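Grab a pencil and let's work through a few exercises together. Try each task before you read its solution.

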Amino acid sequence: MLIRVEDVSFRYSRGKGYSLKNINLKVRRGEFLGILGASGSGKSTLCLTFNGIIPHSIKGEFKGNVYVKGYNTKETSVAKLSTIVGLVLQNPDSQLFNMTVEEEIAFGLENLGLDTEEIKRRIRWALRITGLEGLENEFPPNLSGGQKQRLAIASVLAMRPEVLVLDEPTSQLDPLGKEQVLSLITLLNKEQGITIILVEHNTEYLLSFADRIIVLDKGEIILEGKPKQVFEEVDVLRRLGIKIPASVKIAHELKNRGILKEVALDEKELVNKLKILTKI
Ligand SMILES: Nc1ncnc2c1ncn2[C@@H]1O[C@H](COP(=O)(O)OP(=O)(O)OP(=O)(O)O)[C@@H](O)[C@H]1O
Ligand SMILES: [Mg+2]
């Protein structure tokens with residue numbers, strides 16, 4: 001087990017109540033975990049517990065334990081945990097502060113005590129995998145939104161973390177930027193075997209690519225399971241204001257009319273089922 005969250009509750013120093021309540025969660029190596037929940041449900045707070053920012057840098061009342069590869073985050077530095085768990089935030093601008101794309105990726109590496117050749121190798125790899133080759137000397141603020149977010153991901157990836165935690169990485173991007181970043185995340189998980197923990201409102205994407213989804217409500221995990229199991233709970237998701245994938249909505253209607261047995265189908269499966277039903 002790569003990450004184990006045991007009975008974690010957290011209350012910010014100035015928080016009114018607990019932002020996380022008795023969270024229990026295990027994340028396996030290579031897994032793709034999606035996190036859903038309304039605004040204020042605790043998604044970002046949970047992400048901050050995975051690399052020790054909570055409780056080390058953000059103070060409050062922390063109960064329970066988080067283990068990352070067996071290290072208890074309470075007893076391990078954020079610097080050490082960051083070599084295992086890479087965290088990418090919502091707004092790429094807040095993570096970019098160097099003069100060129102290459103310097104941005106090199107920045108975190110220089111503190112790891114790697115030799116120059118290894119640093120160069122990692123920069124080349126991170127540029128290639130994020131599709132930023134050729135932009136080495138660009139000034140980061142001049143990049144498009146999608147490129148900036150891919151650069152933020154490249155800088156974190158260059159540290160070779162085993163887990164990538166992404167907190168709404170596409171929320172500030174235009175449709176093309178969103179598509180670029182989501183394709184990159186799929187590739188990192190399916191081809192590079194990197195464990196992914198992703199907070200993302202694109203439920204169509206999670207239905208197709210996540211292995212498991214948790215749904216948070218007021219700091220608690222209220223649903224957990226394979227995407228298909230979670231998206232069967234159309235009423236709970238609606239109540240929380242979570243977007244129901246279009247294919248699930250259609251399947252839900254067809255199930256109510258006795259035409260389909262299953263609700264949670266991704267688009268491809270739904271099209272196939274409809275083809276069979278209509279014998280096209
Ligand atoms: N620094 C802080 N101090 C006090 N309370 C906080 C702080 N940060 C977040 N909270 C509270 O903790 C709860 C969970 O917030 P969090 O940011 O984790 O939610 P979220 O699910 O990420 O929401 P969003 O979808 O808006 O990003 C909210 O009630 C929020 O007001
Ligand atoms: Mg958040």
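Before we start: a helix axis here is a line fitted to C-alpha atoms over the stretch in contact, and an angle between two axes runs from 0 to 180 degrees between N-to-C directions. Keep in mind that this is a predicted model.

**Exercise 1. Describe how helix α11 packs against helix α12.**

Solution.
- Step 1: Find the helices. Look for α11 at residues 246-256 and α12 at residues 267-278.
- Step 2: Compare the axes. They come within 9 Å and cross at roughly 35°.
- Step 3: Get the handedness. The crossing of α11 past α12 is left-handed.
- Step 4: List who touches whom. Ser 247, Ile 250, Ala 251 and Leu 254 come from α11, and they meet Glu 267, Leu 270 and Leu 274 of α12.
- Step 5: Sort that contact by class. You should get five nonpolar residues, one polar and one charged.

**Exercise 2. Work out what is unusual about the backbone at Lys 69, at Glu 168 and between Ile 54 and Pro 55.**

Solution.
- Step 1: Recall the usual case. Most residues other than glycine have a negative phi, and most peptide bonds are trans.
- Step 2: Check Lys 69. Its phi is positive, about 50°, and it isn't a glycine. You'll find Lys 69 in the loop between β4 (60-68) and β5 (71-72).
- Step 3: Check Glu 168. Here phi is near 45°, again positive in a residue other than glycine. Glu 168 sits in the loop between β7 (163-167) and α7 (175-190).
- Step 4: Look at burial. Glu 168 counts as buried because its relative accessibility is 14%, under the 20% cut-off. Lys 69, at 40%, counts as partly exposed.
- Step 5: Check the peptide bond. Ile 54 and Pro 55 are joined by a cis bond, with omega about 15°. Pro 55 belongs to helix α2 (residues 53-56).

**Exercise 3. Explore the aromatic rings: how are Phe 10 and Tyr 12 arranged, and which charged residues sit over the rings of Tyr 67 and Trp 125?**

Solution.
- Step 1: Know what to report. A pair of aromatic rings is described by the distance of the centres and the angle of the planes.
- Step 2: Count the pairs. There are five aromatic pairs.
- Step 3: Zoom in on one. Phe 10 and Tyr 12 are edge-to-face, 5.0 Å centre to centre with 80° between the planes.
- Step 4: Compare burial. Phe 10 is buried at 0% relative accessible area, while Tyr 12 is partly exposed at 25%.
- Step 5: Widen the view. Phe 10, Tyr 12 and Phe 62 make up one aromatic cluster.
- Step 6: Add the charges. The charged end of Arg 4 sits over the ring of Tyr 67, 4.4 Å from its centre. Arg 160 lies over the face of Trp 125, at 3.7 Å from the ring centre.

Technical notes
Residues numbered from 1 in each chain as written. Chains lettered and ligands numbered in written order. Predicted model: local features only at pLDDT ≥ 70, side-chain atom pairs only at ≥ 80, totals over all residues. Heavy atoms only, no water. Helix = DSSP H or I, 4+ residues; strand = E, 2+ residues; numbered from the N terminus. Buried < 20%, exposed > 50% of the residue type's maximum accessible area, 1.4 Å probe, protein only. Left-handed = near helix turned anticlockwise from the far one by under 90°. Contact = heavy atoms within 4.5 Å. Nonpolar A, V, L, I, M, F, W, Y, C, P; charged D, E, K, R; others polar. Phe/Tyr/Trp six-rings, centres within 6.5 Å; stacked < 30°, edge-to-face > 60°. Lys NZ or Arg CZ within 6 Å of the ring centre and 35° of its normal.
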